[in-house]
Amino acid sequence: MSIKKKLLTKLLSGKQDGNITFAEIMHLLRLLKYNIRPGAGSHNIISYPGTPEILNLQPRKDGKAKPYQIDQVRAHITKYNTHAD
């Protein structure tokens with residue numbers, strides 16, 4: 001199974017949200033062809049071509065992804081079907 005498939009499965013299942021790192025989220029978004037640009041400080045502005053919504057993500061101090069941001073990423077991926085190959 002590819003890294004992309006493993007990360008996508010981990011994110012979409014919702015069962016491992018407490019174990020998802022910020023680096024894994026960012027890596028998955030890059031693999032899915034999201035546009036990532038740095039914002040102020042540790043913030044990252046994330047967009048996907050052709051979709052109107054943007055995501056504003058930043059890591060927790062322990063390197064994990066914030067739970068509400070995991071939910072936002074999951075919702076964006078499923079709403080716009082950005083995980084389709």
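1. In this predicted model, Glu53 counts as partly exposed, because its relative accessibility is 31%, a value that lies between the limit of under 20% for buried residues and the limit of over 50% for exposed ones. The side chain of Glu53 meets that of Lys79 in a salt bridge, with 2.6 Å from N to O. This pair links distant parts of the chain, since Glu53 sits in the loop between β2 (44-47) and β3 (54-57), whereas Lys79 belongs to helix α3 (residues 67-80), 26 residues apart. Lys79 itself is exposed, with a relative accessible area of 56%.

2. The loop between β2 and β3 also holds Gly50, and this glycine is exposed, its relative accessible area being 85%. Where the chain is followed in sequence, Gly50 and Tyr80 are 30 residues apart, yet in space they are 9.4 Å apart, taken from C-alpha to C-alpha.

3. A second salt bridge to look at joins the side chains of Glu24 and Lys10, with 3.1 Å from N to O. Glu24 lies in helix α2 (residues 22-31) and Lys10 in helix α1 (residues 3-13), so this pair ties together parts of the chain that are 14 residues apart in sequence. As for their surroundings, Glu24 counts as partly exposed at 24% relative accessibility, while Lys10 is buried, with a relative accessible area of 17%.

4. Within helix α3, a salt bridge is formed between Asp71 and Arg74, whose closest N and O atoms are 2.9 Å apart. Both residues lie in this helix, 3 residues apart, which is about one turn of the helix. Asp71 is partly exposed, with a relative accessible area of 41%, whereas Arg74 counts as buried at 15% relative accessibility. A student tracing these charges should also look at Asp17, which is linked with Asp71 and Arg74 in a network of salt bridges.

5. How many salt bridges does a search of the whole structure find? The search finds 5 of them, and the pairs described above, including Glu53 with Lys79 and Glu24 with Lys10, can be located in the model. Turning to the charges of the chain, there are 14 positive and 6 negative side chains, and the centres of these two sets lie 3 Å apart.

6. The overall fold can be read from its elements, for the chain has 3 helices and 3 strands, and along the sequence they follow the pattern α-α-β-β-β-α. The radius of gyration is 12 Å, close to the 12 Å that the globule rule gives for 85 residues, so the chain is as compact as a globular protein of that length. Along its principal axes, the C-alpha trace spans about 35 × 30 × 20 Å.

7. Some totals describe how the chain is packed and what it shows to the outside. Of the 85 residues in the chain, 33% are buried, and the area that the chain exposes is about 5200 Å², of which carbon and sulfur atoms supply 55%. Among the contacts with a separation of 6 or more, 46% are made by residues that are 24 or more positions apart. The salt bridge between Glu53 and Lys79, whose residues are 26 apart, is one link between distant parts of the chain.

Technical notes:
Residues are numbered from 1 along each chain as its sequence is written. This is a predicted model: local features need pLDDT of at least 70, side-chain atom pairs count only at pLDDT 80 or more; totals for chains, interfaces and linings use all residues. Side-chain values use heavy atoms; hydrogens and water are left out. Helices (H or I, at least four residues) and strands (E, at least two) are DSSP runs, numbered from the N terminus. The radius of gyration is taken over C-alpha atoms; the globule rule is 2.2 Å times the number of residues to the power 0.38. Buried means under 20% relative accessible area, exposed over 50%, partly exposed in between (1.4 Å probe, protein chains only). Contact means heavy atoms within 4.5 Å. Accessible areas come from the Shrake-Rupley method with a 1.4 Å probe; for residues, only the protein chains shown count as cover. Lys and Arg count as positive and Asp and Glu as negative; His and the chain ends are not counted. The place of a charge is taken as NZ of Lys, CZ of Arg, CG of Asp or CD of Glu. A salt bridge is a side-chain nitrogen of Lys or Arg within 4 Å of a carboxyl oxygen of Asp or Glu.
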